[in-house]
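Trainee: I would like a close look at one strand and what surrounds it. Please take it slowly, and add the aromatic rings and the arginines if they help.

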Amino acid sequence: MFYWLMKYIVVGPVAKAIFRPWIIGAENIPQTGAAILASNHLSVADSIFLPLMIERQMSFLAKAEYFTGKGIKGWATKWFMRGTGQIPIDRSGGSASEAALNTALQVLGRDALLGIYPEGTRSPDGILYRGRTGIARMALEAKVPVVPVVMVDTDTMMPIGTNIPRVVRIGIVIGEPLDFSRYAGMENDRYILRSVTDEIMIALQQLGQQRYSDVYASSKRGRPAASDVVEPPFVDASASLPRTDSAPTAAS
């Protein structure tokens, strides 16, 4: 109830009126059943606008720090995160990673939509980084499709380190679901998990035409040197990879 109140009365109408978000490919999201929405991650605003712009309710796995802040700001953040369907997870690794996986599987087991950022953290510079294999394990264990999602210009609207968003029109592009049923029963094979994850990242790169760097985003502290930026595996290295900086005319 609180989710729909936030979406249709409190947050949704105001956000849509100010930022005029556009969306392409919403029909690619399954109308029923569980699915993983795998998105690039440019801004904290990604977790707000994607749920606002699709019909079905969805949940994101969010870092636990969003739910443990102190004072009025901490309380407001926790209230907002829970109201928009965010689920706290511990990202410290080890047993915490297994707990995060189990939480995700519980969501998918309810035939719900689960949003995941395969890069594991926000991109520091708008480049698409190497995916973590947790998403592949979730998809194979839950036996669900993965829907690639590209957020456009949310980093321009709300760059890392800012608290007040700029009035910029942002967009969402949703690709066709990826079916990994051919790997049934192989969720413990690390080579299969890497292959599935790379396929998801290639789909994201081709959908959004972001530059790609085959290192983890968490390893970067600044903009990578030109020599660090590479094409995704199995993608023609001669392809042009400009960043999508404006809404397609078909979406206006």
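Mentor: What follows goes through one strand, then the aromatic pairs, then two arginines.

The model is a predicted one, so please keep that in mind throughout.

Begin with strand E5. Leu113 and Gly115 point one way from E5, while Leu114 and Ile116 point the other way. In a regular strand, side chains alternate between the two faces of the sheet. All four of these residues in E5, on either side, are buried.

E5 has strand partners. With strand E2 (residues 35–39), E5 pairs in the parallel sense over four bridges. In this pairing Ile36 stands opposite Leu114 of E5. E3 is also joined to E5, by three bridges, and these two strands run parallel as well. Here Met58 is the residue that stands opposite Leu113 of E5.

Next come the aromatic rings. Three aromatic pairs turn up in a search of the whole structure. One of them is Trp4 with Tyr8: the ring centres are 5.9 Å apart and the planes are at 15 degrees, so this pair is stacked. The cut-off behind that word is an angle under 30 degrees between the planes. Trp4 and Tyr8 are four residues apart in helix H1 (residues 2–10), which means that about one helical turn separates them. Trp4 is partly exposed, at 31% relative accessibility, and Tyr8 is partly exposed too, with a relative accessible area of 47%.

Another pair brings us back to the strands. The rings of Phe60 and Tyr117 have centres 5.0 Å apart and planes at 15 degrees, so they too count as stacked. Phe60 belongs to strand E3 (residues 58–63), whereas Tyr117 is in the loop between strand E5 (113–116) and strand E6 (128–129); the pair therefore ties together parts that lie 57 residues apart in sequence. Phe60 and Tyr117 are both buried.

Last, the arginines. Arg132 lies over the face of Tyr216, 3.8 Å from the ring centre. Tyr216 is also in contact with Arg194. Arg194 has its place in helix H8 (residues 190–208). Its relative accessible area is 16%, so Arg194 is buried; the cut-off for that word is under 20%. Neighbours within four places in sequence aside, the contacts of Arg194 are Arg130, Gly131, Thr133 and Tyr216.

To go back to your strand: E5 has parallel pairings with E2 and with E3, and the ring of Phe60 in E3 is stacked with that of Tyr117.

Terms used
Residues are numbered from 1 along each chain as its sequence is written. This is a predicted model: local features need pLDDT of at least 70, side-chain atom pairs count only at pLDDT 80 or more; totals for chains, interfaces and linings use all residues. Side-chain values use heavy atoms; hydrogens and water are left out. Buried means under 20% relative accessible area, exposed over 50%, partly exposed in between (1.4 Å probe, protein chains only). Contact means heavy atoms within 4.5 Å. Rings of Phe, Tyr and Trp (its six-membered ring) pair if their centres lie within 6.5 Å; planes under 30 degrees apart count as stacked, over 60 as edge-to-face and the rest as tilted. A charge sits over a ring if NZ of Lys or CZ of Arg is within 6 Å of the ring centre and within 35 degrees of the ring normal. Two strands pair if DSSP finds at least two bridges between them.
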